[in-house]
Amino acid sequence: MDKDNRYYGKILVFTTVSIFLTITILSSILYFSFERIALDQSYDQTMNSLEQTTQEASVMAVTAATFAKQIYSDQHIANLLNFPDIGAVDIDTAVKQMTNYRESSPFIDSIYVYNAISRTFFVSSDMSVPTVFAENEFYDNEMREMLSHLNDYETLMPIPRRLLIDGLVGNIAEKERDTYTFLLYDTLTQNARKNVVVVNIKETQLHKHIDGSLANDASNTFLIDKEGRLVSNSWTHPMLMDMKGTSYIDRVVNDRDESGYFSEQVDGVKSLVTYTAPDYLGWRYIRIIPYSTITESIDSMRLKTILTGGSILLAGLALSYIASRRLFYGLNKKLLRLGNLEEEWRDSFQKMRTAYLRGLLSGDSHSDAEQARKTFDRYHIGLNPSDPMRVILFTIDNYRHFTSEYSVEDRKLLRYGILNIGQELLHAGGYVTAAVDLGDDRVAILAQCGLSEEEGDCSTIRKDAAEIQTAVSQYLKLSVTISASMTGSGVDSVHRLCQQAIEASFNRLFNGPGSFVDAETVERMKERPYEYPLHKEKQLIDELMLGRIPEVKRLFHEIVGETAEYSYMSFQLAITHVSHALQNAIRIIGQHSSKAGEPDLPLLNLYMHERMESMAELNERFIALFDRLEKHMEEKKKTRQDDMPGRVKRMVDERYADPNLSLDMIAEELGMSATYIGRIFKQHTFQTILGYIHEVRMNRVRELLIASDDSIGDIAEQAGFANNPYFYKAFKKHNGVTPAEFRKAGRLQQDGEQRVEVVGSADDEFWELQKEG
């Protein structure tokens, strides 16, 4: 027994020391490997995040450019640009239109319209400032300086700058604002001074997309231009600060055309600096993450591993004889730990493989065929980088229900299930595939035909897609829309193919959930020129203002439905136009129908259609809005019909002397159409509004002819008759005599009545005296 124990003891000592050395060596290897992996993963994740930030900046620039062009071509605002002297009403209308544009987007801080001839600024801002400024009185001094050398600035390109607003009326807290300014002017005009539309975009709107979600994180994200100047705020430095001369900024600036990462001391802290290649604006996105944040978990794991190994060594030496028979239990435990480490390594490998494929689809990974071949071999991707391939995109339908029904982990498993079904059925159809989870509601498969011409045909992608959709519905209880790109030449075309598939997926709006969309069909649709039907939009708004909602619904269906024959961009153009027109109309309806002068109807969100998955869903939301408007207008119409004749009479009784008093003037003041109030007034009073105005004026003229000695012309003017010949003709037609004859007859009658009254009084006195006598 003692011999056996010594034998087991020796085995235990040898095994314990071996395990300690193995764990120590393995932990060292894993530490350096995990450190490299962590840096690569941090770089990939950061680049994905910065790519999303780039898209947000692009959206901001496109939005600003779109609004600037719409403002420049707007009929009302064009008066401010093209005429040096316009009336107050036109200015008010144009400024309200500018305000509509500003309020329709969260990006816009303020809008200026500059008239070069009158040297006048027209302003729409959220601050309490006037809407019209002479150039020499305008509060934005830098803008005045920019206009003096306008040709130095590119049109519709963002200009980062700081807007000084300290001391403005109604502005107490703010001293300055960081903005991106977009200028739109006629580049063909050679004049030194030009008419300009200026759109100022809030820097805070872009900055919250840069690192707004990292408020509790130690990382710092910001933008620089090609000269090393900050074009966004960072946590440590203000916007427009020149960072050139800082070692890590100089290193980024010198690497002119590439993205990458490196570690360096930043403000005394060792950090990982990740940066992108310059975008089309020449801007670069930089994120600085403390090195300790990345390696914290790895350092902790290494320390724990070493302490655990040391503890095992000491415990094994101390208890080698007593616990020798439990040797294999301990060995099994250590082997289990090693298996866990190996599993972690496999998970990391899978994450790197997925990140690489995502990079190919998004255009971040290198697409050189030779380099891609090596990477494909490393990650066991069976595709040939040189052979033709296509991207098949799966978009999960009814995504709002999908996110509410399943947890994050369940959604991940379901996306994995879609990829498995897709790969199996495509393999059966002769394809070689590589699948990647894109997150949210999308997954994608890179597919290549793996059969020779004699073995089979890989052109039946529509049939394969239908089988995949049926299987997903049957086994996962999900509906997916499949969009397939055209066939590309090789790995260098993957990013373009992915964009084709994504763009094709937008046509789900027309085809409906669970459909198949071929990118080739979409490309043919894009070739068809689309012209927005402005005449139908005008007719729709006219019908809405008249309360004819069924006709409004019909016109809306026509305007939006016609875009199904064109590209998705045509639909976006149409829905944005009609939404903007409806927004203005709803604002006017609310203002005219509210006693306090404030709209009591919510304004339409111009971007409410962005997450729509079908035309039915879009139509449902707009029809609900139209039904609500119809009910609102019917209620207000009934109230106005009961009270309107009295309001018209009171207005005529008070303002009959105004020669400009007319049906159109009354209609404008009451906020209704002239035809409508004329019809309602006649139904209630059995006479027209013009007839009532004429009657009131004639009554006043007759009173003044008898009661005053003013000339007939003055009396006519006092009663509101501005045209004397018309007055004489109308008076004689209405009374049968001329004004002079009416005055004479009226006064003779008045004198006769007075004499009769005197004689009657004398007779009464005589008879009273007779009675007394």
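This passage describes nonpolar cores, a helix pair and a single helix in a predicted model. Local features were taken at pLDDT of at least 70 and side-chain atom pairs only at pLDDT 80 or more, while totals for chains, interfaces and linings use all residues. Residues are numbered from 1 along each chain, and side-chain values use heavy atoms, without hydrogens and water.

The largest nonpolar core (buried Ala, Val, Leu, Ile, Met, Phe, Trp, Tyr and Cys residues joined through side-chain atoms within 4.5 Å; buried, under 20% relative accessible area with a 1.4 Å probe, protein chains only) has 36 residues. Ile71, Ile77, Leu80, Val113, Tyr180, Val199 and Ile201 touch the most other members. At least two residues come from each of α1, α2, α3, β1, β5 and β6 (DSSP runs, H or I of at least four residues for helices and E of at least two for strands, numbered from the N terminus). The largest contribution, 8 residues, is that of α1.

Helices α22 (689–707) and α24 (724–735) pack at about 90 degrees, with axes 11 Å apart (lines fitted to C-alpha atoms over the stretch in contact; angles from 0 to 180 degrees between N-to-C directions). The two helices are therefore roughly perpendicular (65 to 115 degrees). Contacts (heavy atoms within 4.5 Å) involve His694, Met698, Val701, Arg702 and Leu705 of α22 and, among others, Tyr726, Phe727 and Phe731 of α24.

In helix α9 (369–378), Ala372, Thr375 and Phe376 are buried. The opposite face carries Lys374, Asp377 and Arg378, which are exposed (over 50%). His380, with a positive phi near 60 degrees, follows α9.

Key. Angles under 35 degrees count as roughly parallel, over 145 as roughly antiparallel, 65 to 115 as roughly perpendicular and the rest as oblique.
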